[in-house]
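I am opening my notebook to write down, entry by entry, what I looked up in this protein. I will go place by place and keep each entry to what I could read off.

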Amino acid sequence: MTLPILPRCKTPSGAAYVERGSGEPLLLLHGVGMRAQAWQPQLEALSSAARVIALDLPGHGASNALSGTPDLRNFVSWFAGVVDELALDRFSLIGHSMGALIAAGYAVTYPERLTRLALFNAVYKRDHAARCAVQARAAEILRGHFDRNAPLSRWFAPNEQESPAYQSVQQFLHAVDKSGYAAAYQAFAEGDSVYADDFAHITCPALFLTGADDQNSTPQMATQMAKATPQGRAIIINGHRHMVNLTAPLQVNGILLDWLKASCENNNMSTVFDARALRDAFGAFLTGVTVVTSTDQQGKPLGFTANSFSSVSLEPPLLSVCLAKTASSYPVFSQTTHFAVNILGEEQKALSNTFARPSEDRFAGVNWQLSENGSPILKDTAAWFDCSVYQRIEAGDHLLLLGEVKAFNNSGKTGLGYARGAYFTPAQTENRLLEHTLGSTQIALVAERDGQLLLLPDNKNGWQLPALVKTQMQTAQQLPQRFAEHLGVAVQMGLLYSLYDDTQSGQQHIVYRANLGQGAVNNGKWFAINNLPLTAINSSAERDILKRYTQESRLGNFGIYLGDQHQGQVHTVTA
Ligand SMILES: Cc1cc2nc3c(=O)[nH]c(=O)nc-3n(C[C@H](O)[C@H](O)[C@H](O)COP(=O)(O)O)c2cc1C
């Protein structure tokens, strides 16, 4: 098997490198057993934004072997020498695995030389078991036992063996010089702690990226490094292991292009915020929950849970959702022509969790069918929108997808809510409340249609809200049907509006907002909302309810009254 060698340049001391593009310098350092070509996808993609220089580590590819002892500090000195040979003043630096250890060592020793730093799949303060395992491997290699296939099973998932990334890495490992590999591995085995306590010296913005399934350079390590670095940020790529720059090139390149684009002043600004605190503050905004779906090129369905949904435009009909670039479905959504947004109903919490957690097949056991546009539509949702991609906008670490609605359905069910990291179910909560109330409870409606309210005659020549008593129904689910029979038109129940005790009669009153369907009603009269016969409403509690409704409907912002017939408080719906 021959391995095509990319044309190399060499520094006077014999360090080989591949160079692409022009502009601000960006240096790339590969891991043990690899070579400059292990950055192939980045060499191509990043050369549009920078002068990219990928080095062969000492004793790897076409670089001379390291002179001196094979420890990490010596590798860092080698790299510092190469930087000087290349006459680079300031530059950005990315290292992968062993290359990341060298890059970290350089960053803490020469912080003033770096514009940006990115460490991929780096090890940091290994625990006892991981340390013993890597030291045992290093000792084996020193004794001359170098199993060129062993790293592959750690670096790749079993189902990736046919992938081009696996094949390339296998070729690199088979071509590497044994003594070059052994020297780098010795330094690698000890290298997780050499500079680990000095990350506070790294002054430039620093990115710590790894695969969620990398067992040795773990997400936890990436997070710890980010915390230890003044401007550190961790990014975890779901569904990937150690060779993340090769197995997730689209995601990684997207992240790196943004990283290169952002000026360092901007980076300073953005890292002023603690990401967790910012996310928590965003979480104060109450949302619904959607599952966004599409299909890959083989027609396999895929999807993710999203609460970033927003309606955007009526003409043309547009909506938007945001997808993290680290999501495993990002490569598909960054290219697909179509997607669907399924707005989950209150009973669909489990679906939300299914589509937010890693799984081989999120659609297993889910009831769905393909839309005309070719996207999966989930069953029994509150609503769905079948879309063509209208526009894709790169937005920081997310992709903003604008969809043009081609078809939609609205079941009338109340949607599942989400706020501050927890689900809420407004209609179910109200129903439960209703089911626990006494049998004599009166349930009334503020029943609206086209800007008018329906009022029924009372027996004192006045008007009252349409009402039933709880004994007339078995469960809360029967409310719309019972009211429809009572009023003669379809009834779509809205949210709770008022809950009060009549302290004189001992009766409880529950008032809902409702929308009435078209057609003639059995009884009563329609009144314009801003012209209600308030003086002819004999119940003072109902009079107050209607006054409040008139005011609140102007703003479209309804509260809930809790109290008795004389006094109480209006709460916001979110309370
Ligand atoms: C309620 C909720 C809302 C979410 N909203 C979004 C969102 O708007 N955009 C996004 O990228 N991820 C969102 N997520 C996270 C993704 O659903 C989750 O990270 C993703 O499905 C993981 O995909 P992967 O394992 O395929 O990478 C949300 C998760 C939950 C539970």
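**Entry on A447.** I began with A447 and found its place in strand β21, in a model that is predicted. I then asked myself whether A447 is buried or exposed. A447 has a relative accessible area of 1%, and because buried means under 20%, A447 counts as buried. Leaving out residues up to four places away in sequence, I listed what A447 touches, and the list holds Q452, L453, L454, P466, A514, L516 and W526. I also looked up A447 together with L46, and noted that they are 401 residues apart in sequence and 61 Å apart in space, C-alpha to C-alpha.

**Entry on T441.** Next I went to T441, which I located in the loop between α15 (426-435) and β21 (442-449). The relative accessible area of T441 is 0%, so I wrote T441 down as buried. Which residues is T441 in contact with, leaving aside its neighbours within four places in sequence? I found L468, V469, K470, Q508 and I510. For one of these, Q508, I could add that its side chain and that of T441 are joined by a polar contact of 3.4 Å.

**Entry on the domains.** I then stepped back to the whole chain, which is divided into domain 1 (10-272), domain 2 (281-422) and domain 3 (425-572). I looked up how domain 2 and domain 3 meet, and found their centres, taken over C-alpha atoms, to be 35 Å apart. Their contact takes 7 residues from domain 2 and 5 residues from domain 3. Between them these two domains bury about 450 Å², and 52% of that area is on carbon and sulfur atoms. On the domain 2 side, I noted that E346, G412 and T414 supply 71% of the area buried against domain 3, more than any other three residues.

I wanted to know how many salt bridges cross the interface of domain 2 and domain 3. The rule finds 0 there, while the count of residue pairs in polar contact between the two domains is 2. Sorted by class, the side of domain 2 that touches domain 3 has 1 nonpolar, 3 polar and 3 charged residues.

**Entry on salt bridges.** Side chains of opposite charge can pair when their charged atoms come close. A search of the whole structure finds 13 salt bridges, and I followed some of them in turn.

I looked at R113 and D84, whose side chains meet in a salt bridge at 3.3 Å, N to O. R113 lies in the loop between α3 and β6 (114-120) and D84 in helix α2, so this pair ties together parts that are 29 residues apart in sequence. I checked both ends, and R113 counts as buried at 17% relative accessibility, whereas D84 is partly exposed at 49%.

I then turned to K325, which forms a salt bridge with D258, the closest N and O atoms being 2.4 Å apart. This pair links distant parts of the chain, with D258 in helix α10 (residues 249-261) and K325 in the loop between β13 and α13 (330-333), 67 residues apart. K325 also forms a salt bridge with E394, where the closest N and O atoms are 2.5 Å apart. Here E394 is in strand β17 (residues 383-395), and the two partners are 69 residues apart. I noted K325 as buried at 1% relative accessibility, D258 as buried at 18%, and E394 as partly exposed at 46%. Putting this together, I recorded a network of salt bridges that links D258, K261, K325 and E394.

**Entry on the backbone.** Most residues other than glycine have a negative phi, and most peptide bonds are trans. With that in mind I looked for exceptions, and I noted that the peptide bond from E315 to P316 is cis, with omega near 0°. P316 is found in the loop between β12 (310-313) and β13 (318-324).

I also looked up A87, which has a positive phi of about 55° although it is not a glycine. A87 lies in the loop between α2 (72-85) and β5 (91-96), and at 65% relative accessibility A87 counts as exposed. S97, again not a glycine, has a positive phi of about 55°, and I placed S97 in the loop between β5 and α3 (98-109). With a relative accessible area of 6%, S97 is buried.

Note on methods: Residues numbered from 1 in each chain as written. Predicted model: local features only at pLDDT ≥ 70, side-chain atom pairs only at ≥ 80, totals over all residues. Heavy atoms only, no water. Domains from an automatic or database assignment. Contact = heavy atoms within 4.5 Å. Buried area = accessible area lost by both parts, 1.4 Å probe. Salt bridge = Lys/Arg side-chain N within 4 Å of Asp/Glu carboxyl O. Polar contact = N/O pair within 3.5 Å; in protein donor to acceptor, adjacent residues only side chain to side chain. Nonpolar A, V, L, I, M, F, W, Y, C, P; charged D, E, K, R; others polar. Helix = DSSP H or I, 4+ residues; strand = E, 2+ residues; numbered from the N terminus. Buried < 20%, exposed > 50% of the residue type's maximum accessible area, 1.4 Å probe, protein only.
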